[in-house]
Structure formats: C-alpha cells, structure tokens
Amino acid sequence: MNVKNIKAFGTEAADAALAPLNIDRRVVTLKDVEINILYCGVCHSDLHFARNDWGFSVYPVVPGHEIVGKVTEVGKGVTKFKVGQLVAVGCLVDSCRTCNNCKNDLEQYCPEWVGTYGGQDKHLGTHTFGGYSESIVVDEDFVLNIPENLDLAGIAPILCAGITTWSPLRHWNVRKGSKVAVVGLGGLGHMAIKLANALGAEVTLFSRSPNKTKDAVDLGANQVVISTDDKQMAGVQNYFDVIIDTVPYTHDLNPYVATLNTNGTLVLVGYLGPLDAMLNSVPMIMGRKAVAGSLIGGIAETQELLDFCGKHNITSEIEIINIQDINTAYERMLKSDVHYRFVIDMASLKS
Ligand code: NAP
Ligand code: ZN
Ligand code: ZN
C-alpha cells in the first residue's frame with residue numbers, strides 16, 4: 001500500500017522525551033478523509049501512553065486524540081465530507097462495524113476498536129499514530145462535524161475530555177436537579193463541570209487544591225469540597241446521585257462512596273488498574289451504591305456532544321502551546337498545573 005511520509009512528534013521509549021520523528025500515513029483509500037491537523041489537545045492518557053504507565057504501549061508512540069483540522073483530500077467513495085471542510089477526530093479511528101456494540105453505537109466497547117494511537121491499523125498492518133503530527137487519514141465514518149460557532153482550538157478537548165465525561169453523564173441519566181460530583185479539576189474534570197451544569201444538574205467539585213475553588217465556581221460548580229478536609233467531607237455524606245472520578249492515579253474511593261445517596265453511582269473514568277485501598281462493600285450493600293467505569297464514547301454520542309456544545313456555546317478552557325513545549329507541558333500536567341487543557345498549535349510542527 002502506498003504511504004506518505006510526514007512530520008510528527010513522539011517518543012521511541014518510555015523513558016525518552018518526546019522529539020521530532022517521521023511516520024508513514026496511508027494514502028487515502030476509497031472511504032478515507034485526509035486531514036491537515038490544526039490543533040491537538042493534550043490528554044493525561046497521552047502522557048500515560050508515552051511513558052508506558054499501563055504496560056501496553058507500542059513504540060514509537062505518537063500521542064494525540066483530540067484533533068481538529070481541515071480536509072485536504074477525500075477518497076472516491078466519501079460522501080460525508082468535502083475538501084476544505086473543518087472537521088474533528090477523537091479517540092477512535094475504526095472498529096469491526098458488525099458486533100453488537102458497533103451496531104448499538106458503542107464502538108468504544110468493540111473488541112476490535114482501533115484507537116487513534118497505539119491501535120492496530122487495518123490498512124497498513126502497523127500500529128496507529130495520533131494527532132501530534134502534520135496530518136491524519138481516517139475512514140469517514142470516524143470523522144466528526146464541528147459546530148461553526150465555536151473557537152477551533154477550544155473544540156479539540158471535547159473530543160476526549162468532553163466525551164469521556166459526557167457519556168457517563170448521559171448513561172446515568174443526569175438531568176435537571178441531579179446531584180453530580182466531579183473528582184479532580186483537570187482536563188476531564190473541568191469539562192464534566194461545564195457539561196453537568198449545562199444539563200441542569202447541581203454540581204460539586206471534589207478537589208485537593210483549594211486554589212482552584214474560584215475557577216470551579218466560574219466553570220459552573222455550585223460548591224467545592226476539599227477532599228482532604230474531613231469536616232467538609234462529612235457535610236456531603238449520602239448526597240450525590242452520580243460521581244465522575246477523573247483522578248489518574250490510585251486513590252481511596254471509600255470516602256467518595258460514602259457521599260453517594262441510595263442508588264448512587266461513582267463512575268471511574270480516570271484511574272485504570274487495581275484499586276488500593278480496597279473497596280469496602282458494606283456501604284455499597286447497605287445503600288445499594290455502585291462503583292462503575294466508563295470509556296470515552298461512541299461516534300454518534302461524540303457527534304451529539306459536539307452539537308450540544310455548539311448549541312450551548314461550550315468549549316474547553318485552554319492554554320495554547322507549541323509542540324516543542326510538550327515535555328514541559330507533561331511535567332506541568334503531573335503537578336496539576338493545567339488551566340485546564342493544553343492544546344498544541346500544530347502549525348508549530350513546521351517551524
Ligand atoms: P489531568 O488534566 O491531569 O487532571 C487530573 C486531575 O486529577 C488533577 O488536575 C487533580 O485535580 C487530580 N489529581 C491528580 N493526581 C491526583 C492524585 N494523585 N490524587 C488525587 N487527585 C489527583 O488529567 P485528565 O486529562 O483530566 O485525565 C484524567 C485521567 O483520565 C487520566 O488518567 C486519563 O488517562 C484518564 N482518561 C480516561 C478516559 C476514559 O475513557 N475513561 C479518557 C480520557 C482520559 P485536583 O488538583 O483538583 O485534585
Ligand atoms: Zn484522552
Ligand atoms: Zn465491533
């Protein structure tokens with residue numbers, strides 16, 4: 001298969017800094033759309049994957065799954081997109097299309113889903129490379145329309161931080177009057193606050209960082225509970241219908257389970273791995289409380305969210321960086337010093 005060699009930014013090893021490298025993209029096939037990447041958001045998953053935190057990274061890694069760009073070429077069979085159109089790509093670039101999950105718009109739970117980076121490219125037989133690159137070639141069924149009224153760079157984080165929090169808010173039926181809490185004010189957390197607020201919920205932020213209180217309120221939180229303050233935690237016992245937990249590292253869930261109301265659910269979207277401390281089942285059984293997990297969202301649901309954001313004028317709070325600053329950005333992300341999503345201006349890749 002013919003390929004095009006393009007510029008990208010990535011890493012060859014878990015302990016190496018991100019640096020310029022070249023990668024191959026397939027030339028467009030019948031149903032493909034080629035996109036010149038304008039902006040790419042920086043997700044904490046990019047850092048996890050670059051550093052092999054989850055143990056299944058494949059190198060070289062080119063991260064990036066919050067992609068906004070312009071269509072530069074379309075295959076002969078493409079019907080949904082035209083050259084020159086502004087579009088987006090999120091965390092998924094393919095799936096089997098035939099399993100029950102695919103049929104039910106849950107491609108993210110397809111056993112053969114192809115991640116935007118680190119997935120198995122069905123065309124080239126190699127692994128996929130993400131959006132820290134000049135361009136990307138994606139089947140039109142995995143390309144999204146973007147609302148025309150929103151800032152382009154501010155749209156990018158909707159493609160992961162947005163959909164990852166939107167999908168559980170929708171699945172657990174958050175609506176006007178629901179009592180929602182968000183754990184951690186970072187990329188996912190700030191989108192969760194905005195989206196839950198726009199759905200009409202009463203929103204609480206759990207944070208370790210008292211200095212983020214004003215920002216949380218500006219984003220739409222009704223209150224902030226400092227999770228290390230036992231008195232504040234005691235004030236919200238048996239209260240929440242849904243908790244969206246975005247913390248990236250293992251942490252004690254038991255204090256949060258205690259704040260769920262009867263029938264409430266704590267949804268883990270951040271940490272991937274065995275829990276430590278262990279979960280105590282007593283409050284779960286005695287209060288019919290649940291701890292669940294959720295992965296990004298399907299293509300239809302991501303389009304639903306983009307349309308919702310257009311209607312409600314919602315974008316991410318971003319700090320634009322050049323690709324050459326990505327290693328510093330990762331270090332700042334580890335210190336929770338992001339307000340509240342880095343977005344790479346991909347024009348910097350050419351300089
Ligand atoms: P982020 O911007 O770094 O935000 C994480 C926030 O969690 C921080 O701002 C901080 O908030 C809090 N935090 C960080 N370390 C903590 C610790 N050790 N203990 C307690 N709180 C801590 O990260 P993100 O991009 O939002 O991503 C969050 C996690 O979600 C990552 O692990 C990422 O891989 C994962 N993720 C999952 C999915 C999915 O589909 N499930 C999709 C995307 C990302 P405070 O300062 O307010 O405490
Ligand atoms: Zn992500
Ligand atoms: Zn499938």
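**Note on the predicted model: Ser 227, ligand 1, two zinc sites and some backbone details**

1. Ser 227 is in contact with Ser 207, Arg 208, Met 233 and Tyr 256, once neighbours within four places in sequence are left aside. The model is a predicted one. Ser 227 sits in a loop, with strand 12 (223-226) before the loop and helix 7 (230-234) after it. Its relative accessible area is 17%. Buried means under 20%, so Ser 227 counts as buried.

2. Ligand 1 comes next. There are 27 residues around this ligand. The nearest are His 44, Ser 207, Ser 209, Lys 212 and Arg 341. Ser 207 has already come up, as one of the contacts of Ser 227.

3. Backbone atoms also approach ligand 1. A polar backbone atom of Gly 187 lies 2.9 Å from an oxygen atom of the ligand. For Val 269, a backbone N or O atom is 2.8 Å from a nitrogen atom of ligand 1. Ser 294 brings a polar backbone atom to 3.0 Å from a nitrogen atom of ligand 1. On its own, ligand 1 has 920 Å² of accessible area, and the protein covers 90% of this. Two elements give two or more residues to the shell: helix 1 (44-50) and helix 5 (187-198). Helix 1 gives the largest share, 3 residues.

4. Which residues hold the zinc ion called ligand 2? The protein donors are Cys 43 (SG), His 65 (NE2) and Cys 160 (SG). They lie 2.0 to 2.2 Å from the ion. Their spacing in sequence is C-x21-H-x94-C. His 65 and Cys 160 link distant parts of the chain, 95 residues apart. His 65 is in the loop between helix 1 and strand 4 (67-74). Cys 160 is in the loop between helix 3 (152-155) and helix 4 (161-171). Both His 65 and Cys 160 are buried.

5. The zinc ion called ligand 3 has another set of donors. Cys 96, Cys 99, Cys 102 and Cys 110 coordinate it, each through SG, at 2.3 to 2.4 Å. The spacing along the chain reads C-x2-C-x2-C-x7-C. Cys 96 and Cys 102 are buried.

6. What is the geometry at ligand 3? The site is tetrahedral, with angles of 104 to 115° among the 4 donor atoms. For four tetrahedral donors the ideal angle is 109.5 degrees.

7. His 127 deserves a look. It lies in the loop between strand 7 (114-115) and strand 8 (135-139). With a relative accessible area of 17%, His 127 is buried. Its side chain reaches the backbone oxygen of Pro 60 at 2.8 Å. Beyond four places in sequence, His 127 is in contact with Val 58, Tyr 59, Pro 60, Gly 118, Gly 119 and Asp 121.

8. Pro 60 links that point to the backbone. A cis peptide bond joins Tyr 59 and Pro 60, with omega about 0°. Pro 60 is in the loop between helix 1 and strand 4. That loop also holds His 65, a donor to the zinc ion called ligand 2.

9. Where else is a cis peptide bond found? One joins His 339 and Tyr 340, and its omega is about -10°. Tyr 340 belongs to the loop between helix 11 (326-334) and strand 17 (341-345).

10. The loop between helix 11 and strand 17 also holds Ser 336. Ser 336 has a positive phi of about 55°, although it is not a glycine. At 25% relative accessibility, Ser 336 counts as partly exposed.

11. Asn 238 is a further non-glycine residue with positive phi, near 55°. Asn 238 is found in the loop between helix 7 and strand 13 (240-245). Its relative accessibility is 48%, so it counts as partly exposed.

12. Ala 277 closes the list. Its place is the loop between strand 14 (260-268) and helix 9 (281-287). Is Ala 277 buried or exposed? Ala 277 counts as partly exposed, at 33% relative accessibility. Not counting residues up to four places away in sequence, it touches His 251, Asp 252 and Asn 254. Leu 199 is 78 residues from Ala 277 in sequence, and their C-alpha atoms are 33 Å apart in space.

Terms used
Residues are numbered from 1 along each chain as its sequence is written. Chains are lettered from A and ligands numbered from 1 in the order in which they are written. This is a predicted model: local features need pLDDT of at least 70, side-chain atom pairs count only at pLDDT 80 or more; totals for chains, interfaces and linings use all residues. Side-chain values use heavy atoms; hydrogens and water are left out. Donors are N, O and S atoms within 2.8 Å of the metal (3.2 Å for Na, K and Ca); water is not among the atoms, so sites may look incomplete. Four donors count as tetrahedral if all angles lie between 85 and 135 degrees; four count as square planar and six as octahedral if opposite donors are over 155 degrees apart and all others between 65 and 115; anything else is irregular. Buried means under 20% relative accessible area, exposed over 50%, partly exposed in between (1.4 Å probe, protein chains only). Helices (H or I, at least four residues) and strands (E, at least two) are DSSP runs, numbered from the N terminus. Contact means heavy atoms within 4.5 Å. A residue is near a molecule or strand if one of its heavy atoms lies within 4 Å of it. A polar contact is a pair of N or O atoms within 3.5 Å; within protein, one must be able to donate a hydrogen and the other to accept it, and residues adjacent in sequence count only if both atoms are side-chain atoms. Accessible areas come from the Shrake-Rupley method with a 1.4 Å probe; for residues, only the protein chains shown count as cover.
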